[in-house]
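Reader: I would like a close look at a single part of this model, followed outward to what surrounds it. Please keep it plain.

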Amino acid sequence: MAVPKAVSVGTSATELIAQNEARTKIHIQNLHASTKLYLGQDNTVTISNGFEVAAASATPASSYVEERTVENSDFFYWGAIWGIVASSTVDVRVWEKERIR
């Protein structure tokens, strides 16, 4: 079982998780009560071009989840994931599941 990783994300792009070709599922959760998190593929992520993850962990919208299946295996993203926020610092949890080797 994978253990969630805690990452603090501020106004500079921060790598949340490195590239991993063995990844089969990724779950990223924004624990901040009011600040949105934005995700991207590299350190050029901004609040203008990033994928928005809403604030407040009590709602399903506060998480980003992707799972590799037979149907989407050609499109599943294994690369690094970076995060940034507009202001403040947010507490983020990252959980990654890997295929059994």
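Author: Thr89 lies in the loop that links β7 (81-84) to β8 (90-98). The model is predicted, and what follows is computed from it. With a relative accessible area of 47%, Thr89 is partly exposed, because that class covers values between 20% and 50%. Leaving aside residues up to four places away in sequence, Thr89 touches Ser8, Val9, Gly10 and His32. Between the C-alpha atoms of Thr89 and Leu37 there are 9.6 Å, although the two residues stand 52 apart along the chain.

On one side of the loop is β7, which belongs to an open sheet of four strands, ordered β2-β7-β4-β5 and paired antiparallel. At the edges of this sheet are β2 (14-17) and β5 (51-53), each of which pairs on one side only. From one strand to the next, the twist averages 40°. Strands of a sheet pair through backbone hydrogen bonds. Three bridges join β2 and β7 in the antiparallel sense; Thr14 has Gly83 in β7 as its bridge partner.

On the other side of the loop is β8, the strand that holds Glu96. Glu96 has a relative accessibility of 16% and therefore counts as buried, the limit being under 20%. The side chain of Glu96 makes two polar contacts to be noted here: one with the side chain of Asn20 at 3.2 Å, and one with the side chain of Arg23 at 2.7 Å. Apart from residues up to four places away in sequence, Glu96 touches Ala2, Ile17, Asn20, Arg23, Lys25 and Ile26.

How values were computed: Residues are numbered from 1 along each chain as its sequence is written. This is a predicted model: local features need pLDDT of at least 70, side-chain atom pairs count only at pLDDT 80 or more; totals for chains, interfaces and linings use all residues. Side-chain values use heavy atoms; hydrogens and water are left out. Helices (H or I, at least four residues) and strands (E, at least two) are DSSP runs, numbered from the N terminus. Buried means under 20% relative accessible area, exposed over 50%, partly exposed in between (1.4 Å probe, protein chains only). Contact means heavy atoms within 4.5 Å. A polar contact is a pair of N or O atoms within 3.5 Å; within protein, one must be able to donate a hydrogen and the other to accept it, and residues adjacent in sequence count only if both atoms are side-chain atoms. Two strands pair if DSSP finds at least two bridges between them. Axes are lines fitted to C-alpha atoms, for helices over the stretch in contact, and angles run from 0 to 180 degrees between N-to-C directions.
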